[in-house]
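This report goes through selected helix packings, strand pairings and one buried residue. Please keep the sequence and the model at hand while reading.

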Amino acid sequence: MIEVRGVTKSFGSVLAVDGVTLDVEQGQAVALLGANGAGKSTLLKCILGLLDYSGVITVDGRDVNDNPKQTKSLIGYVPQEPEFYDIRTRDILRFFASIRRVKNERIDHVLELTGLKEHELKSTTELSGGMRQRLSFAIALLSEPPVLILDEPTSNLDAQARKDFLTLVCTYKNEGKTVLFSSHRLDEVDLLADRALFMRAGKVILEAKPENLGETLGLKVKINLNMAEESVDRAMSLLLEGGFPGVTKNGAGLDVEIESSRRMALIKKLIESGIELWDFSVDEPTMEDLVKQIEENGY
């Protein structure tokens, strides 16, 4: 659905995208990862036809440079920080619907789909950040595009708004649509992506399936286990003997550093041994951890 071949983009002497080649198949969700300045947003804007570039980009077989209107009609775009004039929600959707020659009935559908129906007469200045992001998503879906491009769309949302937005994207993906998105959050990649591409200095330097990313890089999660005080020493011995060496006491239980893929094996080990867990939580690696590990591994 999306083909990028040898794409390069410079801003003066700064090389923002450096000879990137990648494919996104129809129905796939692909995540672009990397530190700030890695080139993710610039690459997305090249695909959207918002920046000139050298190389070739096609969307559903249409060249972005040769067929700008056609390719843009195939893509719904949700930016990191959508900006709107002080206009009512329905009126903004009506404006974009007229540009895209979409019938008014579609406006009602996307309002319902994104949970904005009860807010349709509110001005955008009355909407929360999460609601404005929903409105941006509704605009992107007006023309029922087969491709959705998201540029770190949840970076400024609170936990509930982020959860709601990701649920909407999952619904879109499950309909067989294609999603290309950038993110700083590994849990979003786990939830949405079929493939993860890591960018640094304008290049794609690593590709992996999200479920294999931690294993590929040797990333570990920290599991915090809470249990009765009298169970702590026994649980620690069981885990050490069972091949979980990264175990330490934390006062209220145990902390265990392990590969992400082994987390359920650890919990199962304790339950089968009769250890009653009061609670547990998982500290996932951050994007900073990922960047550090990639550099240490020499990618």
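## Helix 3 against helix 4

Helix 3 and helix 4 are oblique to each other, a class for angles outside the ranges under 35 degrees (roughly parallel), over 145 (roughly antiparallel) and 65 to 115 (roughly perpendicular). In this predicted model, helix 3 covers residues 89-99 and helix 4 residues 104-113; the two pack at an angle of about 130°, with axes 10 Å apart. Axes are lines fitted to C-alpha atoms, for helices over the stretch in contact, and angles run from 0 to 180 degrees between N-to-C directions. Helices (H or I, at least four residues) and strands (E, at least two) are DSSP runs, numbered from the N terminus. The crossing of helix 3 with helix 4 is right-handed, meaning that the near helix is turned clockwise from the far one by less than a right angle; anticlockwise would be left-handed.

On the helix 3 side the contact (heavy atoms within 4.5 Å) involves Thr89, Arg90, Leu93, Arg94 and Ala97, which meet Asn104, Ile107, Asp108, Val110 and Leu111 of helix 4. By class, the residues of this contact are five nonpolar, two polar and three charged. Here Ala, Val, Leu, Ile, Met, Phe, Trp, Tyr, Cys and Pro count as nonpolar, Asp, Glu, Lys and Arg as charged, and the others, Gly among them, as polar.

## Thr89

Thr89 belongs to helix 3. Its relative accessibility is 0%, so Thr89 counts as buried (under 20% relative accessible area; exposed is over 50%, partly exposed in between, with a 1.4 Å probe and protein chains only). Leaving aside residues up to four places away in sequence, Thr89 touches Leu111, His119, Glu120, Lys122, Leu127 and Leu135.

## Helix 9 against helix 10

Helix 9 (residues 232-241) packs on helix 10 (residues 263-272) at about 130°, and their axes are 10 Å apart. That angle makes helix 9 oblique to helix 10. Their crossing is right-handed. Ala235, Leu238 and Leu239 of helix 9 make the contact with Leu266, Lys269 and Leu270 of helix 10. Five of these residues are nonpolar, none is polar and one is charged.

## The six-stranded sheet

Six strands form an open sheet in the order 6-7-8-3-9-10, with mixed pairing. Strand 6 (75-78) and strand 10 (203-208) are at the edges with a single partner strand each, so one side of each has no neighbour in the sheet. From one strand to the next the twist averages 20°.

Strand 3 (residues 29-33) pairs with strand 8 (residues 178-182) in the parallel sense over four bridges; strands pair if DSSP finds at least two bridges between them. In this pairing, Ala29 is opposite Val179 of strand 8. Helix 11 (residues 287-296) packs on the sheet and touches strand 3, strand 9 and strand 10, its direction making about 70° with that of strand 9. Helix 1 (residues 40-47) lies across strands including strand 3 and strand 7 (147-151), and runs at about 150° to strand 7.

## Strands 1, 4 and 5

Strand 1 (residues 2-11) and strand 4 (residues 54-59) run antiparallel and are joined by five bridges. Arg5 has Val56 as its bridge partner in strand 4.

Strand 4 is also joined to strand 5 (residues 62-63), by two bridges in the antiparallel sense, with Thr58 opposite Asp63 of strand 5. The hairpin of strand 4 and strand 5 has two residues between the strands, and Asp60 takes a positive phi near 55° there.

## Basis of the values

Residues are numbered from 1 along each chain as its sequence is written, and side-chain values use heavy atoms, without hydrogens and water. Local features need pLDDT of at least 70 and side-chain atom pairs count only at pLDDT 80 or more, while totals for chains, interfaces and linings use all residues.
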